[in-house]
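Subject: Structure handover

Hello,

Here is the structure I said I would pass on. My notes follow below it, starting from a single strand and working outwards.

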Amino acid sequence: MEAQPITQEWDVEHVRSEFPILHQMHHDDVPLIYLDSAASSQKPRVVIEAIDQYYRTYNANVHRGIHKLSEEASAAYEAARVKIRRFINAGSKREIIFTRGTTEGINLVAQTWGRSSLRPGDVVLSTQMEHHAIIVPWQIVAEQTGARVDYVPILPDGTLDQDAFRQMLRTLPVKLVALTYVSNVLGTINPIAEMTRIAHEAGALVLVDAAQAAPHLPVDVRALDIDFLAFSGHKMCAPTGSGVLFGRQTLLEAMPPWMGGGDMISRVTFSGSTWNDLPFKFEAGTPLIAEQIGLGVAVDYLTALGMDRIHAYEQKLADYLLDRLTDIPWLTVFGPASAQRGAVAAFAVDGVHAHDVAAILDQQGIAVRAGHHCAQPLHSILGTAATARASFYLYNTLAEVDALVEALYHVRKVFGASRH
Amino acid sequence: MYDLYRENILDHGMNPRNRGILSPADVDYEASNPLCGDRLRLTLQLDDQRRIRALAWDGEGCAISQASASMLGEVILGKSLDEVRQIDKQLIFELIGIPLSMNRVKCALLSLKVLTVALYGLGAWQQIEDEAEA
């Protein structure tokens, strides 16, 4: 699908018209302002209709049936795989493993590559800004193998300490660097290409959590030279339960399977089994057929809009958001300057707990997330148990930034402080 | 609707040519189509000029997979390994002679997969398999 040129102006009202859920009242007389896309994005009409069409007209199991419905389902499911190969510029569709999301993809690598390759004393190098989906799977494998997990520190500005990263690669037996592309709390966009180059020079492989990157900016696994990359469909306009693990083919071929079952085997006898070719070796059982077909449709939708245009528009939102929030004296924004971040901001309001902030925003129609955002270790470094987080996507507007700021002043008022 | 089981497929499928196992064999390789359980083993004997002097197929599967093996065997008998290397998916589709749905394409191509992996390795087969990918 041909992408629209980056110079063409972003027509946010047209984009919004494609998302049915955005046109409703959140409470009586209070319209919805959805600022929680980092948790899960809304879905455009084309994706909703694709799921509907699947169940209405060609619902069947894939790869098994000889009948026409199964043929149609198999063809659509495999077509989605090819679309995703193009979307991240992987070398082969065999490198595209369908998963239920980022978490499953990382656990797959941890339990196959990690469990068979890590030795006692080996280091998996992660960072202090990670989501639990990176931290916990590698802690589990460390327990199983005797390897250990170490963490690159973050600097006060919310970026990773690149000097410490180089130093740790020089002094520790690092086998894998496992890190996020874009922080789900700080919004920091990490320099993945440069960090991957340095990690490879040190002989380590690189696994990237792209849950907050794939929906928002162009991702090219070959240009970045990444070994493993995982992302979720539901954060990028696709259904929950859709997701992808990319792995370098030579690595995937050498890895043992993860889950056993149908579709992943070549031949099964009572004494043992042999494994199917990639990518099916890692896709045991009936997959999430409607969901992955929906992901293919979402990828078409995003590609037609242009990932570089989406990123450029969100940079505009991020610039304005940061400008407005940093003007508020009783509010602390975490994370780096807008040039190095996505359109997401975690913040704290002096004297008001994040859950209370979120509850009062909700009364005004604004959906944000409050809590530790599955990044407890990061919050302990930030010195706060919980933050409120506003996250923006392609359908959000500059006016919604204004509405957020206005509503935050109301939060402050409810809690009795005078307006500055 | 096309007639999937036209005469020559039924003929080759039910009376496959070159059935059996050669012993000794210069090449002996087996692969399966795990999705439907088709299984195919190819044994080959080469002459001094590395031409295919004799071949035999063994295995089990649907009429399409067995007929494609039978017809492919007739094509490659007597050919040099360089000539065999030129064979692509298109030849199989021409031999079968009717449009195949996606899942049946896998049945039809099993014989070419066995032949290609046996002689030139998995990478060569993946190249052939990817040819049609948009």
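**Strand β8 and its sheet**

All five of the five residues of β8(A) are buried, so this strand is largely enclosed by the rest of the structure. Please keep in mind that this is a predicted model. The burial applies to both faces of β8(A): Leu205(A), Leu207(A) and Asp209(A) lie on one side, Val206(A) and Val208(A) on the other, and all are buried.

β8(A) pairs with β7(A) in the parallel sense, over five bridges. Within that pair, Val177(A) has Val206(A) in β8(A) as its bridge partner.

These strands belong to an open sheet of seven strands in chain A, in the order β4-β10-β9-β8-β7-β5-β6, with mixed pairing. The edges are taken by β4 (96-98) and β6 (148-152) of chain A; each has a single partner strand, so one side of each is left without a neighbour in the sheet. On average, neighbouring strands of this sheet are turned by 20° against each other, direction ignored.

An antiparallel pair in the sheet is formed by β9 (residues 228-232) and β10 (residues 243-247) of chain A, over five bridges. There, Ala230(A) has Leu245(A) in β10(A) as its bridge partner. Helix α5 (residues 132-145) of chain A lies across β5 (123-127), β6, β7 (174-180) and β8 (205-209) of chain A, and runs at about 165° to β5(A).

**Two loop residues**

Asp220(A) is in the loop between β8 and α8 (221-224) of chain A. Is Asp220(A) buried or exposed? Neither label fits: Asp220(A) has 14 other C-beta atoms within 10 Å and is therefore partly exposed, since buried needs 20 or more and exposed 12 or fewer. Leaving aside residues up to four places away in sequence, Asp220(A) touches Ile88(A) and Asn89(A). Arg86(A) is 134 residues from Asp220(A) in sequence and 9.1 Å from it in space, C-alpha to C-alpha.

Leu155(A) sits in the loop between β6 and α6 (162-171) of chain A. With 13 C-beta neighbours inside 10 Å, Leu155(A) also counts as partly exposed. Leu155(A) and Arg16(A) are 139 residues apart in sequence and 37 Å apart in space, C-alpha to C-alpha.

**Chain A as a whole**

Chain A has 14 helices and 17 strands. Its radius of gyration is 22 Å, close to the 22 Å that the globule rule gives for 420 residues, so chain A is as compact as a globular protein of that length. Along the principal axes, its C-alpha atoms fill a box of roughly 75 × 55 × 40 Å. Of the 420 residues in chain A, 50% are buried. Among its contacts between residues at least 6 apart in sequence, 71% join residues at least 24 apart.

The domain assignment splits chain A into domain 1 (12-31 + 306-412) and domain 2 (49-303). The centres of the two domains, taken over C-alpha atoms, are separated by 28 Å. Where they meet, 22 residues of domain 1 of chain A are in contact with 23 residues of domain 2 of chain A. On the domain 1 side, α11 (307-326), β14 (344-349), α13 (376-382) and β17 (387-391) of chain A each supply at least two residues. α11(A) gives the most to that side, with five residues. By class, the same side has 12 nonpolar, six polar and four charged residues.

**Chain B**

In chain B, β1 (residues 27-33) and β2 (residues 38-46) pair in the antiparallel sense over seven bridges. Ala31(B) stands opposite Leu40(B) in β2(B). β2(B) is also joined to β3 (residues 52-60) of chain B, by eight bridges, and the two run antiparallel. Gln45(B) has Ala54(B) in β3(B) as its bridge partner. β2(B) and β3(B) form a hairpin with five residues between them, and Arg50(B) in the turn has a positive phi of about 55°.

How many residues of chain B are in contact with chain A? Nine are, against 14 residues of chain A. The chain B side of this contact divides into four nonpolar, three polar and two charged residues.

Regards

Notes:
Residues numbered from 1 in each chain as written. Chains lettered and ligands numbered in written order. Predicted model: local features only at pLDDT ≥ 70, side-chain atom pairs only at ≥ 80, totals over all residues. Pairing = 2+ DSSP bridges. Helix = DSSP H or I, 4+ residues; strand = E, 2+ residues; numbered from the N terminus. Axes fitted to C-alpha atoms, helices over the stretch in contact; angles between N-to-C directions. Contact = placed C-beta atoms within 7 Å. Domains from an automatic or database assignment. Nonpolar A, V, L, I, M, F, W, Y, C, P; charged D, E, K, R; others polar. Rg over C-alpha atoms; globule rule 2.2 N^0.38 Å.
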